[in-house]
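Here's a friendly walk through a protein model for anyone meeting it afresh. Have a look at the sequence and the structure, then read on.

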Amino acid sequence: MSSARLPTRAEQSEGWRAPGQDAGWLNPVRERFLLRLLVRKELRVRYRGSALGMLWSYVKPAVQFIVFYIALGVFLQLQRDTPAYAVYLFSGIVAVNLFGEVFGNATRSITGNQALVSKIYLPSELFPWASMIVALVHFLPQLLVLVVGALLFGWLPSTTSVIAFGLGMVILVVFTMGLGMITAALNAAFRDVENFVDLIVMVATWLSPVLYRISMVEESIGGTFWWWLYQLNPLTIVVELFHVAFWRYSGPVVEGIALDPSLAGPGEPFGLWWAGLLIAAVTFVIGTVLFERSKRRFAQEL
């Protein structure tokens, strides 16, 4: 019997390629059709047998917001010193929710698709990227609720708010995908990783200025190493950019209110956005390299 023939260079140029060869980190761009199929599969599996379906994208953040607003805004009276506290709170919640869903879904993307990964060849990068797109689909209803709520409080879109929101989204998605690819590769070998990720997401809600004003943190640890570390947390930068976009510098919502001495320096509403972009880019590169080096062992590890 003759051995299997590898495709010639001419055949590869016409679309053939040797088994196992792919475009690496460019796979999500090159294999857009497969990526769309995986996104549709994720959405169908997520809501299979569910009566509410996509309405859960509204219900979960709404319940979370109500609990935090009553506990912190009403009982602890944080709303007393924070005008439009509902907008402040929810703009941070949607950012942290997106972080948590992208991070958690990406971490479980390889183990959750064990049948596909171990039985047929698909570019492994497609799985965490499909999870990220599904998270963005769930994020859109929350963003819509945030925009409507901010408008009811007198918020008006501006160039500043659009740029701040765009920067926040880029930093959040790039940083979280980098983390997600690192943990997805590790989780294929050590299932404990996804439990650590759940803890990180829980802690992240309290270690970023979602529920409280960042000025409260500065009053407690300002001028120390921990204060600078807190400011350089990419999630802190993202949440503050969301506050800039929907609460702080956006017209009547905070008219006449003194601005926090926070990430935003004097006259500079975007603060440490450049540090957020740098940290996100480095994290993404590390995650991509680690994922590329680990993906050929996924089938055996699963």
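Let's start with one residue: Asp-198 is partly exposed, because its relative accessibility is 39%. Here buried means under 20% relative accessible area, exposed means over 50%, and partly exposed is in between, using a 1.4 Å probe and protein chains only. Keep in mind that this is a predicted model, where local features need pLDDT of at least 70 and side-chain atom pairs count only at pLDDT 80 or more, while totals for chains, interfaces and linings use all residues. Residues are numbered from 1 along each chain as its sequence is written, and side-chain values use heavy atoms, with hydrogens and water left out.

**Salt bridges**

What does Asp-198 pair up with? Its side chain meets that of Arg-108 in a salt bridge, at 2.9 Å from N to O. Arg-108 sits in helix α5 and Asp-198 in helix α9 (residues 192-206), so this pair ties together parts that are 90 residues apart in sequence. Arg-108 is itself partly exposed, with a relative accessible area of 28%.

A salt bridge means a side-chain nitrogen of Lys or Arg within 4 Å of a carboxyl oxygen of Asp or Glu. Side chains of opposite charge can pair when their charged atoms come close. By this rule the count comes to five salt bridges, and here are some of them:

| Pair | Closest N and O atoms |
|---|---|
| Arg-108 and Asp-198 | 2.9 Å |
| Lys-295 and Glu-292 | 3.3 Å |
| Lys-41 and Glu-42 | 3.9 Å |

Lys-295 counts as buried at 10% relative accessibility, whereas Glu-292 is partly exposed at 25%. Salt bridges that share partners also join Arg-108, Glu-194 and Asp-198 into one network. As for the pair of Lys-41 and Glu-42, Lys-41 is partly exposed with a relative accessible area of 25%, and Glu-42 is buried with 18%.

**The overall build**

How many helices and strands does the protein chain have? There are 14 helices and zero strands. Both come from DSSP runs numbered from the N terminus: helices are H or I with at least four residues, and strands are E with at least two. The protein chain has 302 residues, and 48% of them count as buried.

**The largest pocket**

Now for the largest pocket, which has a volume of about 310 Å³. A pocket is found on a 1 Å grid over the protein atoms alone, as an open set of points where a 1.4 Å probe fits, with protein on both sides within 12 Å along at least five of seven lines; lining residues have an atom within 4 Å of a point. Grid points are joined across faces, edges and corners, and the volume is the space filled by probe spheres set on the points.

Which residues lie nearest the centre of the largest pocket? They are Arg-46, Trp-56, Lys-60, Glu-101 and His-138, out of 15 lining residues. The elements that give two or more residues to this lining are α4 (56-75), α5 (85-108) and α7 (126-152), and α4 gives the most, with five. By class, the lining has seven nonpolar, five polar and three charged residues. In that count, Ala, Val, Leu, Ile, Met, Phe, Trp, Tyr, Cys and Pro are nonpolar, Asp, Glu, Lys and Arg are charged, and the others, Gly among them, are polar.

**A nonpolar patch**

Helix α4 turns up again on the surface, where it supplies the largest share of a nonpolar patch, five residues. This patch covers about 990 Å², and its members include Leu-55, Trp-56, Val-59, Leu-144 and Phe-153. A nonpolar patch is made of residues with over 30% relative accessible area and no salt bridge, with side chains of Val, Leu, Ile, Met, Phe, Trp or Tyr joined within 5 Å; areas come from the Shrake-Rupley method with a 1.4 Å probe, and for residues only the protein chains shown count as cover.

Leu-55 lies in the loop between α3 (32-46) and α4, and counts as partly exposed at 46% relative accessibility. Val-59 belongs to helix α4 and is partly exposed at 31%. Val-59 is 83 residues from Gln-142 in sequence, yet their C-alpha atoms are 9.6 Å apart in space.

**An unusual backbone angle**

One last stop is Ala-84, in the loop between α4 and α5. Most residues other than glycine have a negative phi. Ala-84 is not a glycine, but has a positive phi of about 50 degrees. Is Ala-84 buried or exposed? Ala-84 is buried, with a relative accessible area of 15%.

Key. Patch = residues over 30% accessible without salt bridge, like charges linked within 9 Å, V, L, I, M, F, W, Y side chains within 5 Å.
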